[in-house]
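This report asks for a careful look at a bound ligand, at a pocket and at a residue in a loop. The sequence and the structure are shown first.

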Amino acid sequence: MGTYLRPASLERALAALADRPLAILAGGTDFYPARVGRLVEEDVLDITAVAELRGIREANGRIRIGAATTWTELIETPLPRQLDCLKLAAREVGGAQIQNSGTIAGNLCNASPAADGVPALLALDAEVELRAASRSRTLPLGEFVLGNRKTACAPDELVTAVLVPKWGERARSAFVKLGARKYLVISIAMVAAAVDVAADGAIRRCGIAVGACSAAGRRLPVLEQELVGHKLGPGLAELVAPRHLAPLAPISDVRGTAEYRSDAALALIRRALARLANE
Ligand SMILES: Cc1cc2nc3c(=O)[nH]c(=O)nc-3n(C[C@H](O)[C@H](O)[C@H](O)COP(=O)(O)OP(=O)(O)OC[C@H]3O[C@@H](n4cnc5c(N)ncnc54)[C@H](O)[C@@H]3O)c2cc1C
């Protein structure tokens, strides 16, 4: 095995990354499965002791979720209903043991097309905060996850937080996942839908994102624009049409055909909107 570092501060972690290439280790639930059957030969930077990377707080109109926040911490933290889609996604990531170790940033950085956190955070207009020893930047999530296992994270950078802008008091969201069985399953397709509604019930802001139907999760901007102005109610699901799926590029694999994925995506979007309307 190479060197194993477990710094207790962000400053030390970033200094180590500036010094030489290191494989970043958080919960390890993607890291180790990617190395089954071989020794860990890279030099490793374990970030689990960096307190600055944990916790959820509100600042400057945004919910700031520390990069090393686990799915369990997310589920257990009281949050505005706007973030329900993220909590529902968190409950679907593996089982309890995976949720206890797996982190939000690990899910984004691993950049699997089936990462459950991605559509939820895309629908919420989330941004990713990145830091290196002498610089920092913030990217919209859609510009951070670039494709299958591909992100914009530079070798000397760490994701330090995920930032979710706070919408209005009446904002709410839903997440629906389809797998081959109910629990512990990789998604065939999943949908997150987030809306902010005016006092009269009209949608004034909307995010709809689909996962596992493209190399990375995708928003559906045409559908979002067409939903704005409509009242949140039972008729909403009927506005969803196959043409709205144009940004997706589903593939056929062991879990389902491209056609099945498209059908599933449509059904899940309608279901997510119906759930929002029924609340
Ligand atoms: C049995 C099982 C079931 C699973 N089920 C699901 C599921 O249903 N849905 C789902 O979406 N995922 C699932 N996963 C995948 C995994 O649990 C999640 O993606 C988890 O959130 C990864 O987080 P982690 O902290 O364990 O990441 P790690 O494994 O520690 O790291 C993952 C990658 O991200 C990088 N990384 C981690 N943190 C940072 C950071 N702060 N900055 C820069 N790079 C970083 C690492 O270098 C590595 O490349 C499952 C995994 C297992 C083993």
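The sections below take up the ligand and its shell, then a pocket, and then a serine.

## Model and ligand shell

The structure is a predicted model, and what is said here about the surroundings of the ligand should be read with that in mind. The ligand is surrounded by 30 residues, of which Ile24, Thr29, Asp30, Phe31 and Thr103 come nearest. By class, this shell is made up of 16 nonpolar residues, 10 polar residues and four charged residues.

Several elements take part in the shell, since at least two residues each are supplied by strand 2 (23-25), helix 4 (96-101), helix 5 (104-110) and strand 10 (158-165). The largest share belongs to helix 5, which contributes five residues to the shell around the ligand.

## Polar contacts and burial of the ligand

Oxygen atoms of the ligand are approached by both side-chain and backbone atoms of the protein. A polar atom in the side chain of Asp30 lies 2.6 Å from an oxygen atom of the ligand, while for Phe31 a polar backbone atom is 2.6 Å from a ligand oxygen. Gly94 also takes part through its backbone, with an N or O atom 3.1 Å from an oxygen atom of the ligand. Taken alone, the ligand exposes 990 Å², and the protein buries 83% of that area.

## The second largest pocket

The second largest pocket holds about 170 Å³ of space. Its lining includes Leu88, Arg91 and Glu92, together with residues such as Phe175, Val176, Lys177 and Leu178, and Arg275 is also among the lining residues. Helix 3 (84-92) and strand 11 (172-178) each supply at least two residues of this lining, and strand 11 gives the most, with four residues.

By class, the lining of the second largest pocket has six charged residues, five nonpolar residues and one polar residue. Arg181 and Lys182 are further members of the lining, as are Gly179 and Val185.

## Ser214 in its loop

Where does Ser214 lie in relation to strand 13 and strand 14? Ser214 is placed in the loop between strand 13 (203-211) and strand 14 (218-219). The relative accessibility of Ser214 is 8%, and Ser214 therefore counts as buried, the cut-off for that class being under 20% relative accessible area. The side chain of Ser214 has a polar atom 3.3 Å from the backbone nitrogen of Ala249.

Definitions and conventions
Residues numbered from 1 in each chain as written. Predicted model: local features only at pLDDT ≥ 70, side-chain atom pairs only at ≥ 80, totals over all residues. Heavy atoms only, no water. Near = heavy atom within 4 Å. Polar contact = N/O pair within 3.5 Å; in protein donor to acceptor, adjacent residues only side chain to side chain. Areas by Shrake-Rupley, 256 points an atom, 1.4 Å probe, with all protein chains shown as cover. Nonpolar A, V, L, I, M, F, W, Y, C, P; charged D, E, K, R; others polar. 1 Å grid on protein atoms, 1.4 Å probe; cavity = no way out; pocket = protein on both sides within 12 Å on 5 of 7 lines; lining within 4 Å. Points joined across faces, edges and corners; volume = space filled by probe spheres on them. Buried < 20%, exposed > 50% of the residue type's maximum accessible area, 1.4 Å probe, protein only.
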